[in-house]
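Subject: Structure for you to look over

Dear colleague,

I am passing on the structure we talked about, with the sequence and the coordinates shown just below. Please open it alongside this message, since the notes that follow are meant to be read with it in view.

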Amino acid sequence: MKRCVRWLKPLPLRPRDMVHVVAPAGPFEQAPFEAGLRILSERYTPVLRPDLGASHRYLAGDDARRREELSHAFLDRAARAIFCARGGYGSSRLLPELPLDKAGPVAFTGFSDLTSIHCALQALGRVSLHAPVLTQLGRQSTQVHDYLFRLLESSEAPPPLSGNATYVPGTAEGVLVGGNLSVFSRLLGTPYMPPLDGAVLLLEDVTERPYRIDRMWTHLRLAGVFARVRGIVLGDFTACEEKDAAYSSADVLRELARDAKLPCAAGFPIGHGAINYPVAFGTQVRLDADAARLTFLEGAVSPG
């Protein structure tokens with residue numbers, strides 16, 4: 001994939017704009033999906049395929065169904081955004097045949113397994129939003145909803161976010177990239193890794209025991225990732241504790257971050273926790289690790 005210097009931002013949304021709802025990864029439970037869809041429908045006009053709720057083993061239908069649905073959403077110039085029903089697993093299977101290089105200026109949103117699509121978009125120089133999926137959206141606060149709508153509709157930089165711990169002091173500025181640690185680490189050696197030189201790396205995960213976090217982090221280190229990025233932002237590492245262990249996942253992450261010798265702050269409300277604030281990959285940010293503060297230096301969408 002060709003690396004781009006100039007980042008392409010999606011067009012801003014307006015209330016009642018048409019948006020696509022897709023399921024490119026795992027199948028989903030209907031009740032939390034409907035709760036998220038109600039929130040989305042209060043603001044925009046969602047379009048869903050009748051087979052959105054399909055299921056094939058651990059996937060939301062076979063690859064052909066999911067690929068066709070997502071490809072159409074990216075190519076539909078009448079839609080302003082794409083919202084994902086759920087993460088889980090499966091989006092990386094679609095990458096080789098997705099027409100991302102032909103996509104219009106649409107805002108792609110999602111997180112967790114959707115990290116693979118985010119990274120592929122960033123490899124093409126496109127901004128996208130690490131944001132709640134629909135099965136999570138209904139459980140989020142109105143503050144998170146408002147923050148998401150502001151990010152999608154305004155070209156102004158959003159308010160900063162705060163973490164709760166400094167692992168390595170210092171400051172760093174760069175383009176925000178990353179996402180789910182498990183998925184991000186699996187993209188090493190593929191054409192879908194985003195540009196890392198001078199970037200600020202965001203990582204989060206769920207239900208990964210500390211030794212697995214260590215193994216994936218070490219994979220990144222051995223691949224030279226931490227020699228290229230400028231700083232590390234750690235979101236929620238949810239349900240990642242070892243039963244009856246004398247150490248926590250935070251202890252392991254703090255030690256790994258210190259070894260990386262990059263400015264690093266943790267505890268940002270981003271990921272699989274009770275609060276998942278959206279952030280825009282491909283935009284310039286400033287990390288003040290001493291204050292555990294992430295400042296956004298630009299908005300996620302173009303002026304229009």
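I begin with Gln284, which has its place in strand S13 (residues 284–288), where helices (H or I, at least four residues) and strands (E, at least two) are DSSP runs numbered from the N terminus. Gln284 is partly exposed, with a relative accessible area of 32%; here buried means under 20% relative accessible area, exposed means over 50%, and partly exposed lies in between, with a 1.4 Å probe and protein chains only. If its neighbours within four places in sequence are left aside, Gln284 is in contact with Gly174, Val175, Phe296, Leu297 and Glu298, contact meaning heavy atoms within 4.5 Å. For one of these partners, Leu297, which is 13 residues away along the chain, the separation between the C-alpha atoms is 5.4 Å.

Before going further, please keep in mind that this is a predicted model, in which local features need pLDDT of at least 70 and side-chain atom pairs count only at pLDDT 80 or more, while totals for chains, interfaces and linings use all residues. Residues are numbered from 1 along each chain as its sequence is written, and side-chain values use heavy atoms, with hydrogens and water left out.

On the protein as a whole, there are eight helices and 14 strands. The radius of gyration is 18 Å, close to the 19 Å that the globule rule gives for 304 residues, so the protein is as compact as a globular protein of that length; the radius is taken over C-alpha atoms, and the rule is 2.2 Å times the number of residues to the power 0.38. Along the principal axes, the C-alpha atoms fill a box of roughly 50 × 40 × 40 Å. Of the 304 residues, 58% are buried, and among contacts with a separation of 6 or more, 81% are accounted for by residues 24 or more positions apart. The protein has 34 positive and 32 negative side chains, with the centres of the two sets 4 Å apart; Lys and Arg count as positive and Asp and Glu as negative, while His and the chain ends are not counted, and each charge is placed at NZ of Lys, CZ of Arg, CG of Asp or CD of Glu.

Two residues in the earlier part of the chain can be read in the way I read Gln284. Lys9 lies in the segment before S1 and, at 19% relative accessibility, counts as buried. Not counting residues up to four places away in sequence, Lys9 touches Pro105, Val127, Glu298, Gly299, Ala300, Val301 and Ser302, and its C-alpha atom is separated by 8.3 Å from that of Val106, 97 residues away along the chain. Pro24, in the loop between S1 and helix H1 (30–43), is buried, with a relative accessible area of 0%. Beyond its neighbours within four places in sequence, the contacts of Pro24 include Arg66, Glu69, Leu70, Leu114 and Ile117.

Ile117 leads to helix H3 (residues 115–123), which is mostly covered, with nine of its nine residues buried. The cover over these buried residues includes H2, S4, strand S5 (128–130), strand S8 (171–180), helix H6 (181–186) and strand S12 (279–281).

The structure also holds seven aromatic pairs, where rings of Phe, Tyr and Trp (its six-membered ring) pair if their centres lie within 6.5 Å, and planes under 30 degrees apart count as stacked, over 60 as edge-to-face and the rest as tilted. Phe74 and Phe108 form a stacked pair, at 5.7 Å centre to centre and with 25 degrees between the planes. This pair links distant parts of the chain, with Phe74 in helix H2 (residues 63–75) and Phe108 in strand S4 (residues 107–110), 34 residues apart. Both Phe74 and Phe108 are buried. Elsewhere, Tyr44, Phe83 and Phe149 form one aromatic cluster.

Finally, two backbone angles: phi of Arg16 is near 80 degrees, a positive value in a residue other than glycine, and Arg16 is partly exposed, with a relative accessible area of 44%. Asp244, in the loop between strand S10 (231–238) and helix H8 (249–260), likewise has a positive phi, near 65 degrees, and is exposed, with a relative accessible area of 74%.

With best wishes
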